[in-house]
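Student: I would like to learn how to read the cysteines in a structure. Please take me through an example.

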2 protein chains.
Amino acid sequence: MPIVKTLFGVLFLFALSSSILAQKFDGLALTPPMGWNSWNKFGCDVDEKLIRETSDAIVASGMKAAGYEYVVIDDCWQGERDSLGFIRSDPKRFPSGMKALGDHIHSKGLKFGIYSDVGAKTCGGRPGSRGYEYQDAKTYASWGVDYLKYDWCNNEGLNAVGAYTTMRDALFSTGRPIVFSICEWGDNKPWEWAKNIGHLWRTTGDITHCWDCEENHGTWSSFGIMRILDKQKGLKIHAGPGRWNDPDMLEVGNGMTVSEDRAHFSMWAMLAAPLIAGNDVRSMSNETRETLSNKEVIAVNQDPLGAQGFPAVSEDGLEIWAKPLSNDAWAICFLNRSKETKDVNFNWKENLIKDDFAQKHLDAKKVTYKIRDLWSKRDMGTTEKPLRTVVPPHDVLMFRLTK
Amino acid sequence: MPIVKTLFGVLFLFALSSSILAQKFDGLALTPPMGWNSWNKFGCDVDEKLIRETSDAIVASGMKAAGYEYVVIDDCWQGERDSLGFIRSDPKRFPSGMKALGDHIHSKGLKFGIYSDVGAKTCGGRPGSRGYEYQDAKTYASWGVDYLKYDWCNNEGLNAVGAYTTMRDALFSTGRPIVFSICEWGDNKPWEWAKNIGHLWRTTGDITHCWDCEENHGTWSSFGIMRILDKQKGLKIHAGPGRWNDPDMLEVGNGMTVSEDRAHFSMWAMLAAPLIAGNDVRSMSNETRETLSNKEVIAVNQDPLGAQGFPAVSEDGLEIWAKPLSNDAWAICFLNRSKETKDVNFNWKENLIKDDFAQKHLDAKKVTYKIRDLWSKRDMGTTEKPLRTVVPPHDVLMFRLTK
């Protein structure tokens with residue numbers, strides 16, 4: 001029948017109202033999620049030893065103290081489903097089981113993230129959640145999962161809103177607060193519909209560890225840092241506490257230069273992007289650790305205002321990005337996209353910077369701001385004087401301006 | 001990640017091939033399904049006593065011998081889900097449980113049908129299967145279910161192909177052959193995509209027991225027999241063994257006149273429609289039983305050629321429908337849609353009837369056919385002579401022509 005008969009009107013109203021009650025967990029991800037994910041470095045080659053050691057290293061390296069929280073196992077943790085259809089972890093790679101692994105992660109004061117896919121199979125060919133959403137959500141909750149990254153492989157033309165809403169409702173039904181990371185690659189403009197479904201949504205295809213390349217893999221492409229950055233245009237109005245544009249996980253420490261890693265990390269901070277490290281934190285260099293753990297840069301990312309940064313000035317390969325912060329402060333980042341060192345001669349008073357969406361403006365004519373260099377960690381005077389300096393190639397200067 | 005990396009190419013191919021293997025159960029519903037369903041007469045008011053008594057009555061009345069096979073409980077059999085998420089029957093209405101009920105149905109030599117919905121709630125506000133597809137399919141199989149009617153209420157914009165495909169794959173995964181009845185009301189032209197997903201698909205909104213009315217229920221309408229009939233135009237090319245257009249269940253015995261019931265039943269036979277009785281078979285009149293049990297009319301419906309009938313001639317409220325049958329036979333039905341008795345003077349030799357899709361033709365100039373009247377159950381001569389007779393209002397004459 002097309003709809004319930006009049007006789008059942010009361011039941012129908014109940015059905016409607018319970019449908020309206022379906023929601024994501026609120027109060028989570030009020031600032032961009034921070035953590036680590038296995039994919040960028042390890043791909044399908046995950047096991048419980050890696051995850052345990054990584055959790056330990058996140059604490060020992062100071063990354064936890066810097067704010068990294070979610071330890072997310074990406075694809076390929078799955079084994080078969082049991083006779084009742086419940087998903088089990090790969091018994092060879094995770095012999096102790098996922099509950100024990102979650103307990104270990106939690107014992108470190110960290111949170112436990114996991115991965116699945118809207119399709120019948122994940123990208124790596126493991127069992128996906130299609131048609132098993134409630135069963136999988138219940139299983140994740142029983143393991144103590146706090147975060148789900150939910151991929152878009154083998155979607156076979158499913159309606160993205162529908163597929164992600166089903167899993168949202170399944171997660172919500174468990175009663176366990178779980179951050180929901182929508183990995184839909186921007187295929188269906190998730191920024192337009194995902195804010196009531198998940199806490200973050202991918203805006204693009206996969207990132208890769210190069211400055212400005214595009215790698216063609218046959219049926220798909222991955223994109224360098226600048227390519228991803230350029231795809232964020234126009235998206236800032238959709239971001240805010242509990243709802244973040246996700247330009248994909250970090251490639252810091254995965255092969256770019258220290259300058260490039262610094263620029264990448266700074267720009268992700270400016271974008272209010274999730275900061276999900278993707279390197280081998282057990283063996284990272286001091287430079288990588290310092291880049292990932294720069295608390296002043298992270299504070300820009302984690303600012304409670306939750307505004308996404310934007311390019312205020314762009315000229316000849318040099319871009320000046322701005323991000324309004326709480327207490328009328330601003331983050332300003334000079335990004336040198338080119339291979340040549342760029343001279344900077346920036347008169348703060350001649351450059352009114354406005355964020356119409358956040359209803360903030362930086363007007364150095366009226367207000368004198370103190371300037372803090374977030375990478376050299378030095379105070380740099382005020383906006384009374386023009387800024388005269390240089391930006392090395394593929395690098396940034398990043399400042400916090402406070403009244 | 002958008003797709004598995006090259007490293008996992010083999011896994012990916014495996015995922016693709018297993019996806020291609022996903023299918024409906026073939027070899028089922030090679031002729032239009034026949035049976036009984038609770039909705040048209042009883043709506044939400046179902047319980048195990050009704051279903052047991054109905055099963056018994058289907059045998060005792062001779063309906064089983066006439067071909068009726070599936071006993072389908074429509075909406076409102078459901079109770080709550082258990083702690084693992086498995087659906088349970090309403091403990092008040094089905095205190096013995098569904099397995100016991102299925103066993104009773106099977107003990108009668110009949111088959112067991114059940115109902116669910118693509119949404120989180122059924123039309124009657126009971127738990128739907130959204131996100132629980134595999135769990136529900138597994139449960140149905142454990143109960144011995146042979147047939148699933150799957151409704152479209154509370155779909156909340158789900159992609160119909162995706163939603164029905166998920167349940168198809170879930171049913172297939174159980175290993176139990178289950179006829180899959182797609183009740184999507186024709187919203188998304190299921191005749192164009194459903195033949196590889198289900199065995200039958202609704203083509204319209206709900207039927208109701210009147211000749212030519214349209215009942216407006218506020219947000220939805222139900223349709224009389226003639227209204228439904230007219231909505232079948234153009235659909236015949238999609239029907240065949242294992243894939244049937246479903247103009248909704250029978251209203252025979254639910255309040256129309258004996259003539260109207262006969263016409264309705266005859267036309268559903270001509271349409272190669274599923275013949276799912278929808279009356280109270282425990283207390284039906286002799287006329288209703290005889291209408292539903294006319295084996296010669298049923299044979300037209302169940303003819304193994306599986307061709308759907310079509311209107312060959314239409315004039316002033318009198319329609320002549322034709323349906324090619326196996327062994328170069330034909331069914332011909334004179335339908336009087338009007339309130340007046342219609343005279344018939346039909347010269348077989350002057351009316352070549354062609355079914356281009358079935359590649360059949362009835363050419364009485366070249367071939368002499370014997371004529372059998374399927375309601376009076378008499379032989380009526382041949383096509384050598386014109387047919388001179390009358391058709392009462394809202395009634396039919398139905399013939400089988402054989403060489």
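The dialogue below goes through disulfides and free cysteines in turn.

Tutor: This is a predicted model, in which local features need pLDDT of at least 70 and side-chain atom pairs count only at pLDDT 80 or more, while totals for chains, interfaces and linings use all residues. Residues are numbered from 1 along each chain as its sequence is written, chains are lettered from A and ligands numbered from 1 in the order in which they are written, and side-chain values use heavy atoms, with hydrogens and water left out.

Student: How many disulfides does a search of the whole structure find?

Tutor: A disulfide is a pair of cysteine sulfur atoms within 2.5 Å. Over all chains, the search finds six. One of them is formed by Cys44(A) and Cys76(A), with the sulfur atoms 1.6 Å apart.

Student: Where in the chain are Cys44(A) and Cys76(A)?

Tutor: Helices (H or I, at least four residues) and strands (E, at least two) are DSSP runs, numbered from the N terminus. Cys44(A) is in the loop between α2 (39-42) and α3 (48-60) of chain A, and Cys76(A) is in the loop between β2 (70-72) and β3 (78-81) of chain A. The pair links distant parts of the chain, 32 residues apart.

Student: Which hand does the link of Cys44(A) and Cys76(A) have?

Tutor: The link is left-handed, with -70 degrees about the S-S bond. In chain B, the disulfide of Cys44(B) and Cys76(B) has an S to S distance of 1.6 Å, and this link is left-handed at -70 degrees. By contrast, the link of Cys123(A) and Cys153(A) is right-handed, with 100 degrees about the S-S bond. Cys123(A) lies in the loop between β5 (111-117) and α6 (133-143), and Cys153(A) in the loop between β6 (147-151) and α7 (160-173), so this disulfide ties together parts of chain A that are 30 residues apart in sequence.

Student: Are Cys123(A) and Cys153(A) buried or exposed?

Tutor: Buried means under 20% relative accessible area, exposed over 50%, and partly exposed in between (1.4 Å probe, protein chains only). Both Cys123(A) and Cys153(A) are buried. Cys44(A) is buried at 4%, and Cys76(A) is buried at 0%.

Student: Why is Cys183(B) not bonded to Cys123(B)?

Tutor: The sulfur of Cys123(B) is the closest cysteine sulfur to that of Cys183(B), but at 7.0 Å it is too far for a bond. Cys183(B) is buried, with a relative accessible area of 0%. Cys333(B) is in no disulfide either; the nearest cysteine sulfur, in Cys210(B), is 19 Å away. Cys333(B) is buried, with a relative accessible area of 0%.
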